[in-house]
Amino acid sequence: MRVLLDACVPHQLGALLTGHNVLSAVDLGLGNLDDRPLLDAIEGRFDFLVTVDRRLPKQQVLTGRTFGVVVLRARSNRLTDLKPLVERLLHALTTLPPGEAREIGG
């Protein structure tokens, strides 16, 4: 799967998502985009967006998008706080259909 880590997610998380092609929005020059322009920019290029932005699924229309959105809910967006969610994140990457969002953690 092609996975994009939002700018608010540490890029080091990508190394823990074995078996997936993971890139960072920052590395692609997309880190400064607001939500809708970011979603438009990744359309057709990625299968999933991973973010910690809890508001994104509520503020943006995801229906009809070619990718799913996974929202990680942890104490902070530090890698140490996100690591415990990796197993559930990997499961979501195999089960979440395009155009839908799923929250993990919290």
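Two residues are in contact when heavy atoms of theirs lie within 4.5 Å of each other. Keep that in mind as you click through this structure, which is a predicted model.

**Stop 1: Asp 35 and its surroundings**

Select Asp 35, which you will find in helix 1, residues 35-42. Which residues does Asp 35 contact, leaving aside its neighbours within four places in sequence? They are Asp 53, Leu 56, Gln 59 and Gln 60. Asp 35 is buried but has no salt bridge. The nearest side chain of opposite charge belongs to Arg 55, 5.9 Å away. A salt bridge needs a nitrogen and an oxygen within 4 Å.

Now add Asp 53 and Arg 55 to your selection. These two do form a salt bridge, with their closest N and O atoms 3.7 Å apart. Is Asp 53 buried or exposed? Asp 53 is buried, because its relative accessible area is 15% and buried means under 20%. Arg 55, at 53% relative accessibility, counts as exposed.

**Stop 2: More charged pairs**

Side chains of opposite charge can pair when their charged atoms come close. How many salt bridges does the structure hold? There are eight, and you can visit a few of them here.

Select Glu 103 and Lys 58, whose side chains meet in a salt bridge at 3.8 Å, N to O. This pair links distant parts of the chain: Glu 103 sits in strand 5 and Lys 58 in helix 2, 45 residues apart. Glu 103 is partly exposed, with a relative accessible area of 34%, while Lys 58 is exposed at 67%.

Next, select Asp 81 and Arg 78. Their salt bridge has its closest N and O atoms 3.7 Å apart. Asp 81 counts as buried at 16% relative accessibility, whereas Arg 78 counts as exposed at 52%. Then highlight Arg 36, Asp 40, Glu 43 and Arg 65 together: salt bridges that share partners join these four residues into one network.

**Stop 3: The sheet**

Switch to a cartoon view and look for the strands. What is the strand order in the sheet? The order is 2-1-3-4-5, in an open sheet of five strands with parallel pairing. Strand 2 (21-24) and strand 5 (101-105) stand at the edges; each has a single partner strand, so one side of each is left without a neighbour in the sheet. From one strand to the next, the twist averages 25°.

Zoom in on strand 1, residues 2-5. Strand 1 pairs with strand 2 in the parallel sense over four bridges, and with strand 3 in the parallel sense over three bridges. Leu 4 is a good residue to select here. Its bridge partner in strand 2 is Leu 23, and in strand 3 the bridge partner of Leu 4 is Leu 49. You can also select Arg 2, which stands opposite Asn 21 in strand 2.

Bring helix 4 (residues 86-95) into view. Where does helix 4 lie? Helix 4 lies across strand 1, strand 3 (48-51), strand 4 (68-73) and strand 5, running at about 165° to strand 5.

**Stop 4: The nonpolar cores**

In soluble globular proteins, nonpolar side chains tend to be buried together. Select Val 3, Leu 5, Leu 13, Val 70, Leu 72 and Leu 89: of the 19 residues in the largest nonpolar core, these touch the most other members. Strand 1, strand 3, strand 4 and helix 4 are the elements that give two or more residues to this core. Which element gives the largest share? Helix 4 does, with four residues.

Show what surrounds Val 3. Not counting residues up to four places away in sequence, Val 3 touches Leu 17, His 20, Asn 21, Val 22, Leu 23, Phe 46, Phe 48, Val 50 and Leu 93. Apart from the largest core lies another core, of 13 residues, among them Ile 42, Leu 62, Phe 67 and Val 71.

**Stop 5: Leu 62**

Finish with Leu 62, in the loop between helix 2 (56-59) and strand 4. Leu 62 is buried, because its relative accessible area is 8%. Leaving aside neighbours within four places in sequence, Leu 62 is in contact with Leu 39, Leu 56, Pro 57, Val 69, Gly 99, Glu 100 and Ala 101. For a last distance check, draw a line from Leu 62 to Leu 13: these residues are 49 residues apart in sequence and 24 Å apart in space, C-alpha to C-alpha.

How values were computed:
Residues are numbered from 1 along each chain as its sequence is written. This is a predicted model: local features need pLDDT of at least 70, side-chain atom pairs count only at pLDDT 80 or more; totals for chains, interfaces and linings use all residues. Side-chain values use heavy atoms; hydrogens and water are left out. Two strands pair if DSSP finds at least two bridges between them. Axes are lines fitted to C-alpha atoms, for helices over the stretch in contact, and angles run from 0 to 180 degrees between N-to-C directions. Buried means under 20% relative accessible area, exposed over 50%, partly exposed in between (1.4 Å probe, protein chains only). Lys and Arg count as positive and Asp and Glu as negative; His and the chain ends are not counted. A nonpolar core is a set of buried Ala, Val, Leu, Ile, Met, Phe, Trp, Tyr and Cys residues joined through side-chain atoms within 4.5 Å.
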